[in-house]
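Notebook open, model loaded. I want to walk through a few spots and write down what I find at each.

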Amino acid sequence: MSNRSPILGVLVLLMCASVAHAQPTQEYALNFSVLPAGPPPFPVVGSLQFDVDYSGAGGDFVGSGGGVECAKVAGFGALEAFNDDDAASIATLGFADNIGFGTPRSLAKCIFEKPAADPAPVAGDFVITVVAATDTDRNDVNVNPVITLVEVCSCGDDAVSCLEECDDGNSTAGDGCSDTCSCENTCGNGSFEPPCEQCDLGGVCMFGAEPPDTPCTLPLGSECNAGGFCVIDDSRGCNDVCQRTIGSCGDGVVDAGLEDCDDGNTADGDCCDSNCRFEPAASSCSDGDACNGDETCDGAGSCAAGQALDCDDSNVCTDDSCDSVDGCVNTPNTGPCSDGDACTDGDVCAAGECTPGGPLDCDDSNICTDDSCDTIGGCVNAPNTDPCSDGDACTEGDVCAAGACTPGGPLDCNDSNVCTDDSCDSIGGCVNAPNTGPCSDGDACTEGDVCAAGACTPGGQLDCDDSNVCTDDSCDTVGGCVNAPNTDPCSDGDACTEGDVCAAGACTPGGPLDCDDSNVCTDDSCDSVTGCSNDFNTAPCDDGVFCNGVDTCSGGSCSDHAGDPCAGGGECAGACDEAAESCSVPDGTPCSDDGNECTEDVCDGQGACGHEPLADGSACTDDGSFCTGIESCQSGACVSSGDPCAGAAQCADACDEASDDCLAAAGAPCEVEGDLCTTDACDGTGNCVKVDDVRCEAGNSVCEGDSICNPATGLCDPVPAAPEGSMCEEDGDLCTADECDDQGFCIHDVIPGCCSCGDPTGDRVTSATDCLIIIRTAVDIPEVCPLSCCDVDGSNSIRTTDAFLCLRCAVDLPCELSCRLRVAFHVTNEVELGALQFEVDYSGAAGDFPGADDLVECETVLPGATIAFNDDEAGGVLKVAAVHATGFTGPAELAYCSFDPAVLVNPGDFVITITDASDPMGDPPTEEPVVEIMFGPGTDGGPMGTTTTTMP
């Protein structure tokens, strides 16, 4: 069971519907909520409209025409409008309310349908856009609300999700959980009705411990047959909605002292076993990730990963990865590689192997080098000393040296312009003539740039097509071509896969092709080139005829038969009967003796020689042993009557085969009747005598004295060292009383009515029951709900937003509870003051004023006054000093301070003492001031408690 209870039905109306389709479909519930975009205070929305783009979800909203099947949340007073544009895959939801509704809150639930074979949709498949939002006066909302799809779930999937009250794995009503996943049980009728009830009253053992309606035989809290508890009354084991309040294994809550762990199920193999105990360290477990190797439990409830799989196949032509489901994946790639020959160029991977490229071009276009290639070292360009020409009429005597043509006294005519040809005329000097040569215009996305009129002009656009269907090709003006991997469909060239898709720039195989032709006489296989093949086999088969023997496949059909199956069948199975499909002879026909004198040997009519036991007590051979007793047939075996000494008095109940008597040896342990506090032994003549006394230990706790031996039980019973009710060791829980009981043990009983932040019921768990108390208070339904326990968002008032935040915690959504109180100080009588100093003793309030060192979070509200605050946290005393230059007259508000309560706090827990006061002239006031403390935002809330003070 989930920790969501039937109380959630107060807040959410569940609807389920179905639409007939040609193929099987599955319906899912989509729950939409509105959240504020900014911090509190949250805006009040009067109207709201948003679009839901479900084009990526692979399904549609259930409905006819433009309407969809949606339901508003119960108790939500707004009118709703739903419209569906199925062609564009857009659903529009609209809400309007004359009174307005605050955020955050749940809005509506819609039914969404997909083919049953498709994966379930997730929240990320839906794109939500707020179209319009106004306040109650129809003005635009200053903080745009955020719409979120809280959950996607399905009634009948055996998992309680979204806002379901139950889910028993079907959509059938009348079995305790209805076809809309709401509870059908009757709480309090004394009958246990799962799955919605975890217990029921009426004095019966529940929680699967004993059959329903069986009278309780165990005291409250004792373990029953299956580890459950016996429910006696409503105050200790079963609340008013029939939910367990103690010891529920599988409810996701660890019950201290009763459970090591609770992972929300009662399954073994996940490190928290079916009895909510840690499974032993090194026990096998699985975290669902095949890449983590062999996982084992750590003995503390966690599944630890094993040695990670090494998927490196040492092949540069495969991309190695690990899939969490399938394990290692080595996908062939088309990357660059080397075939080991330095004289080939452009080697690439294909089908997982390196294939050679073309011959390496070693021509360096240099007349001053001799070009060749070495298979190991690659290109060799050896310098020569041949005659050469540098093509410049202004040089002479050019010769090769160190691989270059060395000019003789060159004239430098370079104008640093690539679009001019620089030359030298032996008469006119340098000539820089415009050319039409190649150049670069600085844009990486153009190619074939050429010179014209002495400047570089752009060429055509760069062709970035890499002929790879798995990349999206584009161009960057700085970096040039960009070939980004995509996830488009593709073909990996293997006829035995289907649904191939692109990944990491390469085509990855999809799932295997189904080649099963449903014929047992063919072997089904797949060829990566030709596809499916179904070859004849000689496998065993069955043609439906018994007496022609075992059948075998031949020529693609079941046509080969072994012959009479009864031939050589033996004494009880030698004749074939086609009608009965049997080889058995009649029942009672004599057959082979099994050599057991306590059985009768006859055929059983089923083809076997049976050996029926003779009647119990029939005589059989005696083994002659004294200690085994007299032998006779019992259940088909010759057995003895048993130990002849059994049942005799102690020390005379030990059988001795050698002496044929029952006397125990001297020193054998025994027990003197009526006194379990002695160590006793047999004397060898059949008598039990005392040897020593039992010694007990001294007490070692506040409540426990020295223990003494109890003759009736032989146990060391504790003797109380302190009276019942004496204080003993604290357990650190402010909502428990630490006291000695009448047996000498320190117990920690829960203090009735003690509550803490988000837990007004005082059971120390934030549950839907606590949230119901908060919302009842927020809407003025009578309920006892103090601010220090129910104002969970710290606003100093109890509102519906507190209930919403409580619910998020109750259903394990991210939440943070903060019951910080706003404490107000007031002068309540008509007195004229210039200065006032008082102390607030909060040591009895179970909490503190927050702040750093002696500084606290307080604010002054008295105009013209200077107020100082000093906090002695160790002593639990807050000191307040106020000075007003011209004086002020009461009644007057002085200041507000923040207070963090640990448990329920009342104004009366604070003790106020005035230490000094004077009028504007520095004289004692004509009337003694009275200071009071209250919780709330000021006089609007009115005082919740008053402390009257007097001058010392």
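Before I list neighbours, a reminder to myself: I call two residues in contact when heavy atoms lie within 4.5 Å. I also keep in mind that this is a predicted model.

**Entry 1: the whole chain**

I began with the overall counts. The protein has 3 helices and 59 strands. I looked up burial next, and 34% of the 952 residues are buried. For the surface I got about 49,800 Å² of accessible area, with 51% of that belonging to carbon and sulfur atoms. I then checked how far contacts reach along the sequence. Taking contacts with a separation of 6 or more, 43% are between residues 24 or more positions apart.

**Entry 2: strand β35, both ends**

I went to β35, which covers residues 522–527, and D527 lies in it. What does D527 touch beyond its neighbours within four places in sequence? I find A495 and C496 there. The C-alpha atoms of D527 and A495 are 6.9 Å apart, with the two positions 32 residues apart along the chain. I also noted a polar atom of the D527 side chain 2.8 Å from the backbone nitrogen of V529. Is D527 buried, exposed or partly exposed? Its relative accessible area is 36%, so I log D527 as partly exposed.

T522 is in β35 as well. I put T522 down as buried because its relative accessible area is 9%, and the cut-off for buried is under 20%. Its side chain makes a polar contact of 2.8 Å with the side chain of D517. D517 also turns up in the contact list of T522, along with N534, D535, F536 and N537, once residues up to four places away in sequence are set aside.

**Entry 3: helix α1**

I moved on to α1, residues 768–778. How many of its residues are buried? I get 8 of 11, so the helix is mostly covered. The buried ones are A768, T769, D770, C771, I773, I774, I775 and T777. I looked for what sits over them, and the cover includes α2 (787–790) and α3 (800–810). After α1 comes D780, and I noted its positive phi, near 65 degrees.

**Entry 4: α1 against α3**

I wanted the geometry of this pair. The axes of α1 and α3 come within 8 Å and cross at roughly 175 degrees. That angle makes α1 roughly antiparallel to α3, because anything over 145 degrees counts that way. On the α1 side the contact is made by A768, D770, C771, I774, I775 and A778, and on the α3 side by T800, D802, A803, C806, L807 and A810. Sorting the contact of α1 with α3 by class, I have 9 nonpolar, 1 polar and 2 charged residues.

**Entry 5: helix α3**

Why do I call α3 largely enclosed by the rest of the structure? Because 9 of its 11 residues are buried. I listed these as T801, D802, A803, F804, L805, C806, L807, C809 and A810. The cover over the buried residues of α3 includes the helices α1 and α2, and also the strands β1 (25–35) and β7 (105–115). α3 is followed by D812, and I wrote down a positive phi for D812, near 65 degrees.

**Entry 6: V792, in the loop**

Where is V792? I find V792 in the loop between α2 and α3. V792 has a relative accessible area of 0%, so I mark this loop residue as buried. Setting aside residues up to four places away in sequence, V792 touches C757, G758, I774, D802, L805, E816, L817, S818 and C819. I774 is one of the buried residues of α1, and both D802 and L805 are among the buried residues of α3. I also checked V792 against R820: the two are 28 residues apart in sequence and 7.9 Å apart in space, C-alpha to C-alpha.

**Entry 7: T889**

Last stop, T889, which lies in strand β56 (residues 877–889). Outside its neighbours within four places in sequence, I find T889 in contact with V831 and E832. T889 and V831 are 58 residues apart along the chain, and their C-alpha atoms are separated by 5.6 Å.

Terms used
Residues are numbered from 1 along each chain as its sequence is written. This is a predicted model: local features need pLDDT of at least 70, side-chain atom pairs count only at pLDDT 80 or more; totals for chains, interfaces and linings use all residues. Side-chain values use heavy atoms; hydrogens and water are left out. Helices (H or I, at least four residues) and strands (E, at least two) are DSSP runs, numbered from the N terminus. Buried means under 20% relative accessible area, exposed over 50%, partly exposed in between (1.4 Å probe, protein chains only). Accessible areas come from the Shrake-Rupley method with a 1.4 Å probe; for residues, only the protein chains shown count as cover. A polar contact is a pair of N or O atoms within 3.5 Å; within protein, one must be able to donate a hydrogen and the other to accept it, and residues adjacent in sequence count only if both atoms are side-chain atoms. Axes are lines fitted to C-alpha atoms, for helices over the stretch in contact, and angles run from 0 to 180 degrees between N-to-C directions. Angles under 35 degrees count as roughly parallel, over 145 as roughly antiparallel, 65 to 115 as roughly perpendicular and the rest as oblique. Ala, Val, Leu, Ile, Met, Phe, Trp, Tyr, Cys and Pro count as nonpolar, Asp, Glu, Lys and Arg as charged, and the others, Gly among them, as polar.
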